[in-house]
2 protein chains.
Amino acid sequence: MQGEIILTGTELMTGQVAEVNARYAGRRLHESGLSLQCITMLGDGAPLFGEVLHRALGRSRFVIITGGLGPTDDDMTVAQAADVLNLRLVQDEAMLARMRRRLEERGFAWEPQYGKMALMPVGATILDAGRSACGFSLKYQDVWLFFLPGVPREMRQLFESGVLPVLTAMAGKTGHLAQRTLKLFGKMEVEVQQAVHALGKDLEGIEVGFYPNFPEVHLTLTARGPEQASLEEKLDQFVAALSREVGEVLLGTDGAPLEELVGRHLRRQGQTLAVAESCTGGLICHRLTDISGSSDYFQGGVVTYSNQAKMDLLGVAAATLEQQGAVSPETAAAMALGVQKLFHADYGLAVTGIAGPTGGTPSKPVGLVFMGLADPNGVESRRHQFPGDRDMVKTLTAENALDWLRRKLLTSPGNSG
Amino acid sequence: MQGEIILTGTELMTGQVAEVNARYAGRRLHESGLSLQCITMLGDGAPLFGEVLHRALGRSRFVIITGGLGPTDDDMTVAQAADVLNLRLVQDEAMLARMRRRLEERGFAWEPQYGKMALMPVGATILDAGRSACGFSLKYQDVWLFFLPGVPREMRQLFESGVLPVLTAMAGKTGHLAQRTLKLFGKMEVEVQQAVHALGKDLEGIEVGFYPNFPEVHLTLTARGPEQASLEEKLDQFVAALSREVGEVLLGTDGAPLEELVGRHLRRQGQTLAVAESCTGGLICHRLTDISGSSDYFQGGVVTYSNQAKMDLLGVAAATLEQQGAVSPETAAAMALGVQKLFHADYGLAVTGIAGPTGGTPSKPVGLVFMGLADPNGVESRRHQFPGDRDMVKTLTAENALDWLRRKLLTSPGNSG
């Protein structure tokens, strides 16, 4: 069963934004055993749209169309499609009422051109009408058509809730499917691939996809067959074998993000955390607090850019800053102990370094980072030298600091899971 | 003069790699005043290739084809194209000799299938024969065809040396190009469009693109004509007129991010900032410190999730927390004053709210956020009710807080720019 995607958006033709929607859909369809034969990108309201859609209808079983559903003049997808399909456009009253309500809730005025967003070809079904994202599906002769917004977050929501279930049900006869997504941190993609291939026998009947997802490597595992339980067992066996092979490099077995794994360990052990950041400037706290319920174990943090703040808030000694410098193992350790005490936390995590592009010296170059980790028994520090620009140094520092804490918690006496 | 791109590569259809070649070419062509009307992606050796190339030849003045030029069985682009063009393939002896030599230099053995890489349609010209990358161009009737490798580094080399010069020479008569990107915050996309259209006369000869970039709206302006200086002047006039129309909604005129604009104002006024975050969990500090040199004006911040931390670090009164609650205008104001004092800063910015999905009550629902802003003369607070999930509430809170500070700094007596 072949399908295709048509993306509209002038920003895609001028290289202004990276294409992410077809990539997302392509990956999810592939994981589900469905194939794309063609992806076409066109500008907003492109005259070619009609021709491209017409060809797609003649050769594909499903066509996913993204973009051009908005209220502005250059949003012409629905009108163009209705023309090709020779279907009348009707205004959906429920959709219209919902849009009015949502605008009011947010304190925005109704504008006449919003009415356009409730226009759909006769016979269309609104996708996931409970949310704010617009989209609809339409069966046209033998072909399923899906119209989705171009905004990636909305596109993904509707794709998962309204597109993938329909298509996998259509393709259902092909048998059962089991899948896992694994995240790994601490090995290069090539090393992960070698580790996977080394598992020869366990790997039989499993399709593996490798996705570098800086600074992690993500793996997708897919097994297909007549019986669900044996597929799940096969994947469980493979994950266990891979875990033995790569150890702590495997970040859990359910694809949870690193900051969530740290939170689970802390919650299980009934312990709390505080964080002091210099070069990461708040990124570690931001990641930790992205997890709902993090207030149960995350006490808080400080961003101490200046030496004065390191002394005032964290009690780092003036002598340490003068003699060892702000970027030193001694300062990192003192910051970790200081923030642990300040927030009455069980663990204190601290980073101090030079994110660049300025501020580096021959003895302390850009990318030099020290981390400190205080636990109930004492404090340790670590040195890293990271490559890349400011953004990359912040990203690598946050990931390594959180991973250090994860590994520490994994081996702590309080860990029972 | 319209053109198109055909990309081949199964890894593009399965989402395994991000598309970068068309994005690069699209940007470079757009900068040079050349337009793409269609980008098509197909799997390796896809049966559709012939049909897609045939259509492209009928409607475009140039077609750039990437991928499928290698030695393996799934590299079929050249043979498929020769078939559509009805041209015989010939082996280029010079190319063959060069490939043998390069393999020897690298210590690799010659394999018969490498011979395939020197096959080209009759009439083709090797692109940049001095390098290792393979590629060629071909004029077919009225259409320029360019065959480039899929490896991004090689594709870019040949695009710059062998494609862009040919196309810009062809399009030479079309003249000069001026461009701007503008960022706006505080109006919906529809309102921005109304404001733009209201500028009727100033808009003449300017192409405008609208790009929702949550929570901002971005605009691209393009003007083409025979003389660069008058194009720049036309865009400057339009930007000035739009600025008069939308006022502070326009985030500067050079496309700098909001956190950089805040930093520029602080730097110009010689003033400093400290931030206290509850529901945003470090995101505001993270954004501010993404700007190189932010340590000149950003003193630091605290993430105070618990009431205890709000009292201990920021001096929020226990009575305030008890009587008004942690999510209240009084607490937001006290946090702003507290963090201003703690870091000896000129400005103190604070947010406290309920990011969800848990923690909401009927009187204080998820998305309710209070912000406090302390300046040298006093403190103010504001109330917001944001829609969406945890991620959206964090994003909207950070954007609104930074924008409030930007507007405050714009109108402060110390602002001279």
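**Exercise 1. In β2(B), find the bridge partner of A:T40, then place that strand among its neighbours.**

Step 1. The bridge partner of A:T40 in β2(B) is B:T40. Strands here are DSSP E runs of at least two residues, numbered from the N terminus; helices are H or I runs of at least four. This is a predicted model: local features need pLDDT of at least 70, side-chain atom pairs count only at pLDDT 80 or more, and totals for chains, interfaces and linings use all residues. Residues are numbered from 1 along each chain as its sequence is written, chains are lettered from A and ligands numbered from 1 in the order written, and side-chain values use heavy atoms, without hydrogens and water.

Step 2. β2(A) and β2(B) run antiparallel, joined by three bridges. Strands pair if DSSP finds at least two bridges between them.

Step 3. Strand β1 (residues 2-8) of chain B runs parallel to β2(B), with seven bridges. There, B:I6 has B:T40 as its bridge partner.

Step 4. Seven of the eight residues of β2(B) are buried (under 20% relative accessible area, 1.4 Å probe, protein chains only). So β2(B) is largely enclosed by the rest of the structure.

**Exercise 2. Which residues of helix α12 (residues 307-314) of chain B are buried, and how do they lie around its axis?**

Step 1. The buried residues are B:A309, B:K310, B:L313 and B:L314.

Step 2. Look down the axis of α12(B). These residues fall within an arc of 105°, taken from the directions from the helix axis to the C-beta atoms. They therefore line one face of the helix.

Step 3. B:G315 follows α12(B). Its phi is positive, near 70°.

Notes. Buried means under 20% relative accessible area, exposed over 50%, partly exposed in between (1.4 Å probe, protein chains only).
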